[in-house]
Amino acid sequence: MKYVHLYIMSLLGIVVLAGCSASSVEKVSVPKTNQWLEVTGFLGGDTFQVENGNEISTITLLSVEAPSIQDTALERDQIGLQASLFTRRQLESSKEVRLAYDKEPVNSKGQIEAIVELKDGRILNELLITEGFAQVSIEEPNVKMENIYKGLEQVAKQNQKGMWRSGTEAGNIDIPVKLAKEKGIRLWVDKKLELVVITNLSDSDIDLDGWKLVSVKDNQTYIFHDYKLKANSVVSIASGKDAALKHSSPNTLIWEADHIWHLTEPDPAELYTDNNELVAVWED
């Protein structure tokens with residue numbers, strides 16, 4: 001009976017631990033998308049904190065890994081410090097960020113992973129990769145940004161930026177950006193008016209949720225949230241000072257940033273699906 005009692009107690013202990021583990025995962029409060037959140041803390045090159053209602057949430061950059069300051073390799077330790085300072089400067093300047101997620105916002109470690117949009121329209125994840133302060137780290141099923149991020153990493157390697165400056169670091173293999181099948185979409189930009197027009201020439205509605213409009217010159221990105229482009233219709237994306245006041249049409253979305261498009265230099269626009277397929281290009 002003594003051993004039966006111990007066995008039952010052991011099983012109860014396992015159940016209690018499992019319950020604690022499940023409840024700890026459930027307690028992860030994921031901030032909502034499509035709203036600006038105040039940055040409240042800085043924890044490293046790829047991690048920071050935001051105010052999420054009545055609590056503070058720790059955010060890890062999706063599909064990005066910056067070297068730790070405590071890295072055993074001296075050079076990577078220096079890159080880790082530079083990455084941390086770079087991230088802090090960007091977040092201090094922006095003050096607020098807007099988050100977007102892949103299929104699973106919370107990873108296997110219980111971390112909230114997000115695509116982080118700054119106030120000026122740039123994406124922090126992409127900035128770190130472009131400067132060589134982080135490398136791409138993909139964990140399924142969150143593969144939305146794989147093609148774009150690995151493409152940016154290859155450019156950083158070629159330019160020997162940050163951690164790639166020695167030319168000896170091994171990065172991700174070259175993976176070309178996928179081209180989408182013909183979707184009947186036309187992209188047009190009026191740089192002076194800071195207005196982008198996307199036309200659906202097909203007879204079917206297109207769900208733009210998670211799609212990305214990119215200003216190529218400075219890699220500034222607008223992410224669509226819960227928007228469906230009706231068949232044979234258009235949607236406009238307006239940016240610049242007082243854009244919300246100048247454009248009140250229900251078919252106009254506001255890109256809350258100024259001076260997106262270069263007026264004196266070529267600045268093409270690209271439109272990507274939520275699977276990172278290049279679906280339309282406007283050549284400047």
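**Exercise 1.** In this predicted model, classify E131 as buried, partly exposed or exposed, and find the partner of its salt bridge.

*Solution.*
- Step 1. Take the relative accessibility of E131: 29%.
- Step 2. Buried means under 20% and exposed over 50%, so a value in between is partly exposed. E131 is therefore partly exposed.
- Step 3. Look for the partner. The side chain of E131 meets that of K161 in a salt bridge, 3.5 Å from N to O.
- Step 4. Place both residues. This pair joins distant parts of the chain, 30 residues apart. K161 lies in the loop between α4 (146–158) and β8 (185–190). E131 lies in the loop between α3 (124–130) and β7 (135–136).
- Step 5. Check K161. Its relative accessible area is 30%, which makes K161 partly exposed.

**Exercise 2.** Work out how K150 and E146 are placed in helix α4, and state whether K150 is buried or exposed.

*Solution.*
- Step 1. Find the contact. K150 and E146 form a salt bridge, with N and O 2.8 Å apart.
- Step 2. Use the spacing. The two residues are four apart in helix α4, so about one helical turn separates them.
- Step 3. Compare with the cut-off of 20%. K150 has 9% relative accessibility and counts as buried. E146, at 22%, counts as partly exposed.

**Exercise 3.** Describe the salt bridge between R88 and E92.

*Solution.*
- Step 1. Give the distance. The closest N and O atoms are 3.1 Å apart.
- Step 2. Locate the pair. Both sit in helix α2 (residues 74–94), four residues apart, so about one helical turn lies between them.
- Step 3. Judge exposure. R88 is partly exposed at 39%. E92 is partly exposed at 40%.

**Exercise 4.** How many salt bridges are counted?

*Solution.* The count comes to eight.

Notes
Residues numbered from 1 in each chain as written. Predicted model: local features only at pLDDT ≥ 70, side-chain atom pairs only at ≥ 80, totals over all residues. Heavy atoms only, no water. Salt bridge = Lys/Arg side-chain N within 4 Å of Asp/Glu carboxyl O. Buried < 20%, exposed > 50% of the residue type's maximum accessible area, 1.4 Å probe, protein only.
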